[in-house]
Amino acid sequence: MATAIERAVRQREHLLVQAGTGTGKSLAYLTPALLVDGPVVVSTATLALQNQLVEHDLPRLADAVEPLLGRRPTFAVLKGRHHYLCVAKLEHADEEEPADTLFDDAPARATQWLGEAGRLGKQIQRMQEWAEKTATGDRDELDPGVDDTAWRQVSMPARDCVGAARCPYGAECFAEASRARAREADIVVTNHSLLAVDMLADRHIVPPHKLLIVDEAHELADRVSSAAQAELTPEAVERAAKRARPLISPAAGESLATAADSLLVGLADIPAGRLTTGLPPLLHQALLLVDAATRAALEAIGDIKSDDPDPVRKQQAKATLDELSTTTQRLLEESDFDVAWVEKNDLGNGRRALVVAPLSVAGTLATSLYDDRTVVATSATLTLGGRFDTVARTLGLPAAAAGAPDKGPAGAIPAARSGAGLSPDAPPVSGDGWTSLDVGSPFDYPKQGILYVAAHLPRPAASGLPDVAGEELLKLIEALGGRTLGLFSSRRAATQAAELVRAKTDLPVLLQGEETLPILVRKFKEQKESCLFGVMSLWQGVDVPGEACQLVVIDRLPFPRPDEPLAAARAAAVDASGGSGFAAVSVPIAAVRLAQGVGRLIRSTGDKGVVAVLDSRLETARGYGAFLRKSLPPFWYTTRPDVALGALQRLAGR
């Protein structure tokens, strides 16, 4: 992998590398990165991997190569502005109010706010004391931390920032200092969200660089979609009115308030879900009012001048209004390239939102990700159905020619899949501007694990956990005596499974939502006979090697739900063009999710265990069942319950 990256940089060709758990991929991409002239940017999807790179891998590598390079390589972390303390915002932090209480005069809320205000004041005071001592202003260094409401009082989103030149505290800005450090570092570690914003902002945030390494690359397209997504809520219009009120006429403020009310009425009777036939009349009229009111308010505020008494607050008001105006105009345009939907939460805060997102980001990635730099995209799950083509398309790369083998070291991919080594001198087969490489795995999957598919169970129908699947789950858990990670397709199914196991056994059961995820994972590691049940956030990022996790149970294939607006819209677009939306959209999504979930079992060369899939379609479905199995590690495969139960009983006896 290191050799292939060095070659890709030299030949200015993009590279996709599948590298499973335990291959040492972090060191494999960091090492050749040190030979590149100028900064190298590494982007990760999760905070856990970012911390691993900065706190463990990079210091260790810097120590090792310093005698060879004659200097110690430098590295820096680059995060969004809102991760850093804003000195200008801190100056007025005591005057801020939580957004969810601005327009609520109910006595009960007022009473609650008194308690919240006291806690908030203490947190702000602690952050003011911390501001005198911190060298970075990075939120992650504040220990103990503060809640999101408190942090918002002292941080500044990028859209609200007036810039260092106009800000009276520009010389003391922690965010600007972090960017300065990044420009001087050999390796800059950032995250997919900031990378996505950088692409959408014409690459003005991340320092110029020749090599970009995208780790956890299967997550990038979704992060770009999120960055390009926007929403409109009545509460956001009300907040904009409050910010702008000191800067505009009473009539302009009244227009914003009327627009907020109109939007609330327009959203009231529309069910949650995708808008497939355009904007309803009432909602269309509300958007016209919001558009007119925000434009008028922006015109009234005018430009920020050097002699403005409070340029920071003026910029905040302008940025809020401008974002509302841009989103409203985008929704009114009703572009074929966008998807719009309504989100509702009738529990808790009764949230109502109108959301818009791009139908596809492949074009954005194709035009913004690859220009003027070499991109190395790596992950443990880059091949779907045994090929790189599907992921390549989602990353904006042209797919290989029909019938062509995946490009990589000639004749080496089959060996790599069996765990054998690759010849580093084998020239890659190149074409379409990218090459691919599967470095295999240090794990002997057929000997370390079993993939058991309960093919005798009926096809899952209703949501939740069917009785027959619950019975199967119980048999598997009792055979092993706990040590089970249950990955479920819905919170209802996870809760039903927890209730069943608690009722029928004495095993400790940990359920996502009952405590924070880090605490649940720690208890799962420490309590040998425990079971941990949860939903999608457990399907990746949970690393529990050893005997604490020897059974991973998946209740059903993780296809996107019919009410997931983006997936549904993308599938409908493929159907309309004569293809199969299910095959082109739903199956690849399920393949990535399933591979991530299955990957929770074998985390080291000494691990052994069983992955049990309680969805018979993985065996019986023609076409996509085989495709999904090819996307998984090559476990020993069986559909016989007695084989799976026997293996678990032997593990329990060990």
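Let's start with the sheet. It is open, has seven strands paired in parallel, and follows the order 14-15-13-16-17-12-18. Strand 14 (509–511) and strand 18 (636–638) sit at the edges with a single partner strand each, so one side of each has no neighbour in the sheet. On average, neighbouring strands here are turned by 15° against each other, direction ignored.

A word on terms. Strands (E, at least two residues) and helices (H or I, at least four) are DSSP runs, numbered from the N terminus. Two strands pair if DSSP finds at least two bridges between them. Angles run from 0 to 180 degrees between N-to-C directions, with axes as lines fitted to C-alpha atoms, for helices over the stretch in contact.

And the source. This is a predicted model: local features need pLDDT of at least 70, side-chain atom pairs count only at pLDDT 80 or more, and totals for chains, interfaces and linings use all residues. Residues are numbered from 1 along each chain as its sequence is written, and side-chain values use heavy atoms, leaving out hydrogens and water.

Now look inside the sheet. Strand 16 (residues 551–554) and strand 17 (residues 609–613) run parallel, joined by four bridges. Which residue of strand 17 is the bridge partner of V553? That is A612.

Two helices pack on this sheet. Helix 18 (residues 467–480) touches strands 12, 13, 15, 16 and 17, and its direction makes about 175° with that of strand 16. Helix 25 (residues 641–653) touches strands 12, 16, 17 and 18, at about 145° to strand 17. Contact means heavy atoms within 4.5 Å.

Next, salt bridges. Side chains of opposite charge can pair when their charged atoms come close. The rule: a side-chain nitrogen of Lys or Arg within 4 Å of a carboxyl oxygen of Asp or Glu. The count is 22.

Take R71 and D186. Their closest N and O atoms are 2.9 Å apart. The two residues are 115 residues apart, so to speak of distant parts of the chain is fair. R71 is partly exposed, at 40% relative accessible area, while D186 is buried, at 18%. Buried means under 20%, exposed over 50%, partly exposed in between (1.4 Å probe, protein chains only).

Last stop: R351. R351 meets E231 at 2.7 Å, N to O. R351 lies in a loop and E231 in strand 6, so the pair ties together parts 120 residues apart in sequence. R351 also meets E343, at 3.1 Å. Shared partners join E231, E343 and R351 into one network.
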